[in-house]
Amino acid sequence: NKTNLFFFIAISSGTLVGLLIKFLLDKRYIFFDKKNNISHLKKTFGLYTFMGSFSTAIFWVTESIFWLVWKEENMREIGAILGLIIGYIIKYRLDKRYVFKK
């Protein structure tokens with residue numbers, strides 16, 4: 001089905017573009033990493049993406065738990081917000097320690 005394929009391509013493209021932009025912004029403005037050679041960029045982007053999998057998992061699990069326990073949209077949203085907060089705090093610490101270490 002072309003609609004499903006377009007939807008998948010749109011989500012995938014948006015995710016990849018968002019990931020690249022967030023990586024570049026974090027690299028420059030949060031962690032002040034000025035190294036720009038290709039091997040460094042590949043290594044840090046790979047680690048950055050890997051660390052992002054943890055924050056994504058925390059977000060999905062927290063949102064899902066809130067939905068499964070209360071089965072209400074508002075509680076699912078609260079779970080999503082809480083999961084994002086916890087996930088981003090942990091991701092920042094992982095990025096600082098392993099990805100953009102000084």
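Author: Welcome! A starting point for the charges: Lys and Arg count as positive, Asp and Glu as negative, while His and the chain ends are left out. Please keep in mind that this is a predicted model.

Reader: Thanks! How many side chains of each charge does the protein have, and how far apart do the centres of the two sets lie?

Author: On that count there are 16 positive and 7 negative side chains in the protein. The centres of the two sets are 15 Å apart.

Reader: What makes up the fold, in helices and strands?

Author: The protein contains three helices and zero strands. Followed along the sequence, the pattern reads α-α-α.

Reader: How do you know whether the protein is spread out or a compact globule?

Author: Set the value against the rule: the globule rule gives 13 Å for 102 residues, and the radius of gyration is 16 Å, well over that, so the protein is more spread out than a compact globule. The C-alpha trace spans about 50 × 35 × 20 Å along its principal axes.

Reader: What share of the residues is buried?

Author: Buried residues are 23% of the 102 in the protein. As for the exposed surface, about 7,800 Å² is exposed, with carbon and sulfur atoms supplying 71% of it.

Reader: Why is K27 called buried?

Author: The label needs a relative accessible area under 20%. K27 has 3% relative accessibility, so K27 counts as buried. You will find K27 in helix α1, which covers residues 2-30.

Reader: What makes the pair K27 and N36 a polar contact?

Author: A polar contact asks for a pair of N or O atoms within 3.5 Å, one able to donate a hydrogen and the other to accept it. The side chains of K27 and N36 make such a contact at 3.1 Å, which falls within the 3.5 Å limit. Beyond its neighbours within four places in sequence, K27 also has contacts that include F32, L41 and F100.

Reader: Why is I58 called partly exposed?

Author: That class lies between the buried limit of 20% and the exposed limit of 50%. I58 has 21% relative accessibility, so I58 counts as partly exposed. I58 sits in helix α2, residues 38-70.

Reader: Which residues does I58 touch, not counting those up to four places away in sequence?

Author: I58 touches G83, I86, G87 and I90. For another distance, take S12: I58 and S12 are 46 residues apart in sequence, and their C-alpha atoms are 20 Å apart in space.

How values were computed. Residues numbered from 1 in each chain as written. Predicted model: local features only at pLDDT ≥ 70, side-chain atom pairs only at ≥ 80, totals over all residues. Heavy atoms only, no water. Helix = DSSP H or I, 4+ residues; strand = E, 2+ residues; numbered from the N terminus. Rg over C-alpha atoms; globule rule 2.2 N^0.38 Å. Buried < 20%, exposed > 50% of the residue type's maximum accessible area, 1.4 Å probe, protein only. Areas by Shrake-Rupley, 256 points an atom, 1.4 Å probe, with all protein chains shown as cover. Charge placed at Lys NZ, Arg CZ, Asp CG, Glu CD. Contact = heavy atoms within 4.5 Å.
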